[in-house]
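Visitor: I have just opened this model and would like to understand how its helices are arranged. Could we begin with the words I need, and then look at them one at a time?

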Amino acid sequence: ARPGRAQAGLADAAEALERNPSRVEAWAVIGDCQEQLGRPADAIAAYQRATTAKPRMAEWWYRLGRLAFDAGRGTDAATALAKAAELADAERPAPGWLADAHRVLGDALYARGDRSGAATHYRRYLEIAPASAIDRREVQERLTSLGG
């Protein structure tokens, strides 16, 4: 990503919020820009504001969960990714990121010692991930190790 574009996006989103504080989509834009600028803590904070204001936006929950997982915040990641998966599993067609959400949620639950929860989400990943997905074998091996 280009830092100049991300900075411009931040400025535009800040202006949108200044003019109309109810434009909660601006918080998601801020989160995306902060992520592009390599500021995960700021991106997480922005997505937290976005999901608090508009809790039915599955993709925002996914982005929040992915950022939290990458930052080593497993409990926060599991909470956000579970919400993302719950909302997106009902969408038709399913969003392209849904398989990844189930895989990463499985990883977060596995790290917490929740073997049953991890297995559930690994199975769901294997149901919906493309046959060509690079991590299918790894997920299948993890699931097998869990007895599932």
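Guide: An axis here is a line fitted to C-alpha atoms, for a helix over the stretch in contact, and angles run from 0 to 180 degrees between N-to-C directions. Helices (H or I, at least four residues) and strands (E, at least two) are DSSP runs, numbered from the N terminus. This is a predicted model, in which local features need pLDDT of at least 70 and side-chain atom pairs count only at pLDDT 80 or more, while totals for chains, interfaces and linings use all residues. Residues are numbered from 1 along each chain as its sequence is written, and side-chain values use heavy atoms, leaving out hydrogens and water.

Visitor: Okay, so how do H6 and H7 cross?

Guide: The axes of H6 and helix H7, which covers residues 115-128, come within 8 Å and cross at roughly 160°. The two helices are therefore roughly antiparallel, a label for angles over 145 degrees, whereas under 35 counts as roughly parallel, 65 to 115 as roughly perpendicular and the rest as oblique.

Visitor: And which residues make that contact?

Guide: With contact taken as heavy atoms within 4.5 Å, H6 contributes Leu 98, Ala 99, His 102, Arg 103, Leu 105, Gly 106, Asp 107, Leu 109 and Tyr 110. From H7 come Gly 117, Ala 118, His 121, Tyr 122, Arg 124, Tyr 125 and Ile 128.

Visitor: How many residues of H6 are buried?

Guide: Buried means under 20% relative accessible area, exposed over 50% and partly exposed in between, for a 1.4 Å probe and protein chains only. By that rule 12 of the 14 residues of H6 are buried, so the helix is largely enclosed by the rest of the structure. Among them are Asp 100, Ala 101, Val 104 and Ala 108, and the buried residues of H6 pack against H4, H5, H7 and helix H8, residues 136-145.

Visitor: What about H4, what angle does it make with H6?

Guide: Helix H4 (residues 58-70) and helix H6 (residues 98-111) have axes that come within 11 Å and cross at roughly 40°, which makes H4 oblique to H6. Tyr 62, Arg 66 and Phe 69 of H4 meet Asp 100, Ala 101, Arg 103, Val 104, Asp 107 and Ala 108 of H6 in this contact.

Visitor: And what covers the buried residues of H4?

Guide: The cover includes helix H2 (25-36), helix H3 (40-53), helix H5 (74-88) and H6. The buried residues themselves are Ala 58, Trp 60, Trp 61, Tyr 62, Leu 64, Gly 65, Leu 67 and Ala 68.

Visitor: Take Leu 64, then; which residues does it touch?

Guide: Leaving out residues up to four places away in sequence, Leu 64 touches Ile 44, Tyr 47, Gln 48, Thr 51 and Ala 80. Leu 64 has a relative accessible area of 6%, and its C-alpha atom is separated by 8.6 Å from that of Gly 31, although the two are 33 residues apart along the chain.

Visitor: New topic: where is Asp 135, and is it buried or exposed?

Guide: Asp 135 sits in the loop between H7 and H8 and is buried, at 16% relative accessible area. Beyond its neighbours within four places in sequence, Asp 135 is in contact with Arg 103 and Tyr 125.

Visitor: And how accessible is Pro 40?

Guide: Pro 40, which is found in helix H3, counts as partly exposed, with 39% relative accessibility. Its C-alpha atom lies 18 Å from that of Gly 4, and the pair are 36 residues apart in sequence.

Visitor: Which peptide bond is cis?

Guide: The bond from Arg 92 to Pro 93 is cis, with omega near -5°, and Pro 93 belongs to the loop between H5 and H6. Most residues other than glycine have a negative phi, and most peptide bonds are trans.

Visitor: What phi does Gly 72 take?

Guide: Gly 72, just after H4, takes a positive phi of about 80°. Gly 113 follows H6 with a positive phi near 90°, and Gly 38, just after H2, has a positive phi of about 75°.

Visitor: Last one: which residues of H2 are buried?

Guide: The buried residues of H2 are Ala 26, Trp 27, Ala 28, Ile 30, Gly 31, Cys 33 and Gln 34.
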